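The following questions and answers introduce one structure to a reader who is new to it. Please keep the sequence and the model in view while reading.

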Amino acid sequence: MNQLQKTYDVTRQLEEVLNKKIDGKDRDAVIEQVNHLVEQRGDLLSEITPPYSEEEKQLGKELVKLNEQIQVKMNSLFDDLKVEMKQVKKQKKSNRTYINPYENVKTMDGMYMDSKK
């Protein structure tokens, strides 16, 4: 099997992983899988050398289409992750202010300075 076909197969696997419904619980495993497949695909892409036959050119066009779809799905996954990180950060801040509501108060109220000797 030539390198282009192997690359196509790995790209298909990557698309299948990204097509699955991704919950917060299994997001780490999905990201790990995506990273592994992207690294594997990168190694295979570096081994592809011209000249290309007509069949390989057609397969290359399909690869480009798949890559565009994968890019959109990966951006969506990344955006979901950013939103969740913002929510966690906001929740931490809310919990901290609930535990110690006067943490950020920086006034000098209640302080009396006696100027007499």
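**Charged and buried side chains**

Asp 79 is partly exposed, with a relative accessible area of 39%, where partly exposed lies between buried (under 20%) and exposed (over 50%), with a 1.4 Å probe and protein chains only. This is a predicted model, in which local features need pLDDT of at least 70 and side-chain atom pairs count only at pLDDT 80 or more, while totals for chains, interfaces and linings use all residues. Residues are numbered from 1 along each chain as its sequence is written, and side-chain values use heavy atoms, with hydrogens and water left out.

Q: Which side chain meets Asp 79 in a salt bridge?
A: A salt bridge is a side-chain nitrogen of Lys or Arg within 4 Å of a carboxyl oxygen of Asp or Glu. The partner stands three residues from Asp 79 in helix 3, so about one helical turn separates the two; helices are DSSP runs (H or I, at least four residues) numbered from the N terminus. At 3.9 Å, N to O, the side chain that Asp 79 meets is that of Lys 82.

Q: Which residues are joined into one network by salt bridges that share partners?
A: One bridge, at 2.8 Å from N to O, is between Arg 12 and Glu 15. Of this pair, Arg 12 is partly exposed at 35% relative accessibility, whereas Glu 15 is buried at 9%. Shared partners join into one network Arg 12, Glu 15 and Lys 73.

Q: How many residues apart are Glu 84 and Arg 27?
A: The side chains of Glu 84 and Arg 27 form a salt bridge of 2.2 Å, N to O. This pair links distant parts of the chain, with Glu 84 in helix 3 and Arg 27 in helix 2, and the separation is 57 residues.

Q: Is Thr 7 buried or exposed?
A: Thr 7 lies in helix 1, which covers residues 3–19. Beyond its neighbours within four places in sequence, Thr 7 is in contact (heavy atoms within 4.5 Å) with residues including Arg 41, Leu 44 and Leu 63. Its relative accessibility is 1%, so Thr 7 counts as buried.

Q: What is the nearest side chain of opposite charge to Glu 56?
A: Glu 56 belongs to helix 3, residues 54–99. Lys and Arg count as positive and Asp and Glu as negative, with His and the chain ends not counted. Glu 56 is buried yet has no salt bridge, and at 8.8 Å the nearest side chain of opposite charge is Lys 57.
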